[in-house]
Amino acid sequence: MLLTVIFTVALIYTRVAADADQATLLESLVAISQRPVMYILSGVARLLSGIALLAAGLLLLQTWIIRGGWATPAVPYLFVLSGAFTTVSGGIAILIAIHPALETVSVAGASPAPDMSVLESMSGLRWLAGAGGFAAAGFALVVASRYQWKAGGALRMMAPISAVLGVAMLFIWFDAAKAIHMAVGTGFLIWLIVIGSMLASGRVERQYTATYLNQS
């Protein structure tokens, strides 16, 4: 989880440096054609963040908390799904940056207008994969909130935050909520830092031990 945060921060920096988030697809592609290296690096960072989250989900499946039935395996499986989608999104971003058709849009005012059908399809798939990954992670937080509440202690304090943040992440599909996407994304990174640190320190296992095993 902590590696996911590191790679995501790298993704944000390189994507901003690539200046790829423009008002139109053509303007975005022109920006990418002018800074292909930075966009490739953003794609690599996205791919690595996806792999890290996927690995986090697989490792969570091996914990005694999941294997013992004290929490649902749906959460780590959703993280695996989220990581897989994000990895695909990063891979497509790299392919966009190195695709030969990108050269045809480097002169945006050229006539006749460049054929962007391939790049348009790739950009759409990249967005769908990225949004799917973000939504899957949001759903994981919603599901996790129930078990955090039952575990008590600091995890119970995290439960309502997880629920609200997870629901907000599902709004990635709605353009009307675009203004809150950055804040929600930042919130998810903070969530990963907090939960990742608690897992790394053993605090989560100690809380589950105090709540469940001592009751049996």
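**Exercise 1. How do the residues of the lining of the second largest pocket divide into nonpolar, polar and charged?**

Solution. The model is a predicted one.
- Step 1. Start with the volume: the second largest pocket has about 340 Å³.
- Step 2. Find the lining. It holds 15 residues, and M1, A56, L59, L60 and L199 lie nearest the centre of this pocket.
- Step 3. Assign the elements. Those giving two or more residues to this lining are α1, α3, α8 and α9 (203-211). The largest share, five residues, is from α3.
- Step 4. Sort by class. The lining of the second largest pocket has eleven nonpolar residues, three polar and one charged.

**Exercise 2. Set out the overall architecture of the protein chain.**

Solution.
- Step 1. Count the elements. The protein chain has nine helices and zero strands. Read from the N terminus, the order is α-α-α-α-α-α-α-α-α.
- Step 2. Take the dimensions. The C-alpha trace spans about 75 × 30 × 25 Å along its principal axes.
- Step 3. Check burial. The chain has 216 residues, and 47% of them count as buried.
- Step 4. Add the surface. Its accessible area is about 10900 Å², with 70% belonging to carbon and sulfur atoms.
- Step 5. Look at contact range. Among contacts with a separation of 6 or more, 73% join residues 24 or more positions apart.

**Exercise 3. Which residues lie nearest the centre of the largest pocket, and which element gives the largest share of its lining?**

Solution.
- Step 1. Locate the centre. R15, D21, R46, R126 and I172 lie nearest to it, out of 44 lining residues.
- Step 2. List the contributing elements. Two or more residues come from each of α1 (2-18), α2 (25-34), α3 (36-61), α5 (74-98), α6 (117-151) and α8 (178-201).
- Step 3. Pick the main contributor. α6 gives the largest share, ten residues.
- Step 4. Give the volume, about 1700 Å³ for the largest pocket.
- Step 5. Sort the lining by class. It has 20 nonpolar, 16 polar and eight charged residues.

**Exercise 4. Describe the enclosed space in the model.**

Solution.
- Step 1. Count cavities of 30 Å³ or more. There is one.
- Step 2. State the volume. The largest cavity has about 300 Å³.
- Step 3. Name the lining. It comprises 20 residues, and L60, V75, L199, V204 and Y208 lie nearest the cavity centre.
- Step 4. Map the elements. α4 (64-67), α5, α6, α8 and α9 each give two or more residues to this lining.
- Step 5. Sort by class. The cavity lining has 16 nonpolar, three polar and one charged residues.
- Step 6. Cross-check with the second largest pocket. L60 and L199 are named near the centre of that pocket, and L60 and L199 are also named near the centre of the cavity.

**Exercise 5. Trace the nonpolar cores.**

Solution.
- Step 1. Find the hubs. In the largest nonpolar core, of 38 residues, M1, F79, M169, F188, W191 and Y208 touch the most other members.
- Step 2. Assign the elements. α3, α4, α5, α6, α7 (153-169), α8 and α9 each give two or more residues to this core. α6 gives the most, ten residues.
- Step 3. Follow one hub. Leaving out residues up to four places away in sequence, F79 touches M1, L53, L54, G57, L60, A137, A140, L141 and W191.
- Step 4. Look beyond this core. Another core lies apart from it and has 15 residues, among them I32, A93, M116 and M122.
- Step 5. Link back to the cavity. Y208 is one of the core hubs, and Y208 is also among the residues nearest the cavity centre.

Technical notes: Residues numbered from 1 in each chain as written. Predicted model: local features only at pLDDT ≥ 70, side-chain atom pairs only at ≥ 80, totals over all residues. Heavy atoms only, no water. 1 Å grid on protein atoms, 1.4 Å probe; cavity = no way out; pocket = protein on both sides within 12 Å on 5 of 7 lines; lining within 4 Å. Points joined across faces, edges and corners; volume = space filled by probe spheres on them. Helix = DSSP H or I, 4+ residues; strand = E, 2+ residues; numbered from the N terminus. Nonpolar A, V, L, I, M, F, W, Y, C, P; charged D, E, K, R; others polar. Buried < 20%, exposed > 50% of the residue type's maximum accessible area, 1.4 Å probe, protein only. Contact = heavy atoms within 4.5 Å. Areas by Shrake-Rupley, 256 points an atom, 1.4 Å probe, with all protein chains shown as cover. Core = buried A, V, L, I, M, F, W, Y, C linked by side-chain atoms within 4.5 Å.
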